[in-house]
Amino acid sequence: MQKKPVSISHYSDGTASVLRKAVVVEGLRFYQRSDVLYQLTQHFCQRFLPAYGDRTVDQMVQAARSVKQNIAEGSSDGQTSMEIELKLLGVARGSNKELLEDYLDYLKRKGFVEWYGRHPRFQMLHAFCKQHAAYEDYKDLLPKMTDEELANMAICLCHQVDKALTSYIERKDREFTTEGGIRERMTAARLEQREIQRETIARLQRENQELRQEITRLRTLLGGG
């Protein structure tokens, strides 16, 4: 695959920058859903799992937190290193799968079933989670839901986060493959900056020559040539 030219951004004074465009992580819907998952998981563990003596509580809360935090950190670090960004997004995806397995295990222990396919409650749950990514849309519902309902909602969110995160990682991977990383950006920025400097020097030399010619012309007109 042929590499695309590296896209370089600039500061207000025209100086080339090696930094990639910042990602506003709060605008990523899978990040928003990861925040819902974190809040939901804390609520679920407080209501339905033992307060002491069960490591599952810490594991689930930490896994949910890891999804959210690694998406945020990876997106921030991606300004300077796409390699780190891809690594942290991969960690987030792994944590999301770990959390998914914990909820599936809970359903099995309790004798509940996962809502999917033709289950009568699946389509409504799936549509709600797909349409709503903000925690504000969920927080009033959580206290009213049973453990079976909450676990299935978390599972649905986990699947949606995984699908979106997988596509996002693939897009970032393709971008890295075709454009390169920080070294390529540094080289491109330096080359572009040198070209800007050359053009500036050439422009100043032309303007200087034009000024000299104008001074000569004026002296001639004034009889001082």
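This passage walks through a predicted model of one protein chain, from its overall layout to its core, its salt bridges and its surface.

Starting with the big picture, the chain has six helices and two strands. Read from the N terminus, the order of these elements is β-β-α-α-α-α-α-α, so to speak a pair of strands and then a run of helices. Of the 225 residues in the chain, 37% are buried. The chain exposes about 14000 Å², and carbon and sulfur atoms supply 52% of that area. Contacts tend to reach a long way along the sequence: taking those between residues at least 6 apart, 77% join residues at least 24 apart.

What sits in the middle of all this? The largest nonpolar core has 47 residues, and the ones with the most contacts inside it are Leu40, Phe44, Ile71, Leu99, Tyr103, Met153 and Leu157. Several helices chip in here, with at least two core residues coming from each of H1 (29–48), H2 (55–77), H3, H4 (122–131) and H5. H5 gives the most, with 12 residues. As a general matter, nonpolar side chains in soluble globular proteins tend to be buried together.

Leu40 gives a feel for how the core is put together. Setting aside neighbours within four places in sequence, leucine 40 touches Tyr103, Leu142, Leu150, Met153, Ala154 and Leu157. Among these partners, Tyr103, Met153 and Leu157 are also on the list of residues with the most contacts inside the core.

Helix H3, which covers residues 82–110, makes a good next stop. Its 29 residues reach 42 Å from the first C-alpha to the last, close to the 42 Å expected at 1.5 Å a residue. Just after H3 comes glycine 111, which takes a positive phi of about 80°.

A little further on is valine 113, in the loop between H3 and H4. Valine 113 is partly exposed, at a relative accessible area of 46%. Its contacts, leaving out neighbours within four places in sequence, are Leu107, His119, Glu148 and Asn152. One of these partners, glutamate 148, is 35 residues away along the chain, yet the two C-alpha atoms are separated by 8.3 Å.

Turning to charged side chains, the model contains seven salt bridges. One of them pairs aspartate 162 with lysine 97, with the closest N and O atoms 3.8 Å apart. Because aspartate 162 lies in helix H5 and lysine 97 in helix H3, this pair ties together parts that are 65 residues apart in sequence. The two ends sit in rather unlike surroundings: aspartate 162 counts as buried at 15% relative accessibility, whereas lysine 97 counts as partly exposed at 39%.

Which residues join this pair in a network of salt bridges? Arg93, Lys97 and Asp162 are linked in one. Looking at contacts beyond the neighbours within four places in sequence, aspartate 162 meets Arg93, Asn96 and Lys97.

A second salt bridge brings together glutamate 149 and arginine 121, with the closest N and O atoms 2.9 Å apart. This pair also links distant parts of the chain, given that glutamate 149 is in helix H5 and arginine 121 is in the loop between H3 and H4, 28 residues apart. Here glutamate 149 is buried, with a relative accessible area of 16%, while arginine 121 is partly exposed, with 40%.

Not every bridge spans such a stretch of sequence. The side chains of arginine 174 and glutamate 170 meet in a salt bridge at 3.3 Å, N to O. These two are four residues apart in helix H5, so about one helical turn separates them. In general, an α-helix has 3.6 residues a turn, so residues three or four places apart point the same way. Glutamate 170 is partly exposed, with a relative accessible area of 43%.

The last stop is on the surface. A nonpolar patch of about 360 Å² is made there by Leu218, Leu221 and Leu222. Leucine 218 belongs to helix H6, which covers residues 182–222. Is leucine 218 buried or partly exposed? Its relative accessible area is 39%, so leucine 218 counts as partly exposed.

Notes: Residues are numbered from 1 along each chain as its sequence is written. This is a predicted model: local features need pLDDT of at least 70, side-chain atom pairs count only at pLDDT 80 or more; totals for chains, interfaces and linings use all residues. Side-chain values use heavy atoms; hydrogens and water are left out. Patches are made of residues with over 30% relative accessible area and no salt bridge: like charges are joined within 9 Å, nonpolar side chains (Val, Leu, Ile, Met, Phe, Trp, Tyr) within 5 Å. Accessible areas come from the Shrake-Rupley method with a 1.4 Å probe; for residues, only the protein chains shown count as cover. A salt bridge is a side-chain nitrogen of Lys or Arg within 4 Å of a carboxyl oxygen of Asp or Glu. Buried means under 20% relative accessible area, exposed over 50%, partly exposed in between (1.4 Å probe, protein chains only). Contact means heavy atoms within 4.5 Å. The expected span of a helix is 1.5 Å times one less than its number of residues. A nonpolar core is a set of buried Ala, Val, Leu, Ile, Met, Phe, Trp, Tyr and Cys residues joined through side-chain atoms within 4.5 Å.
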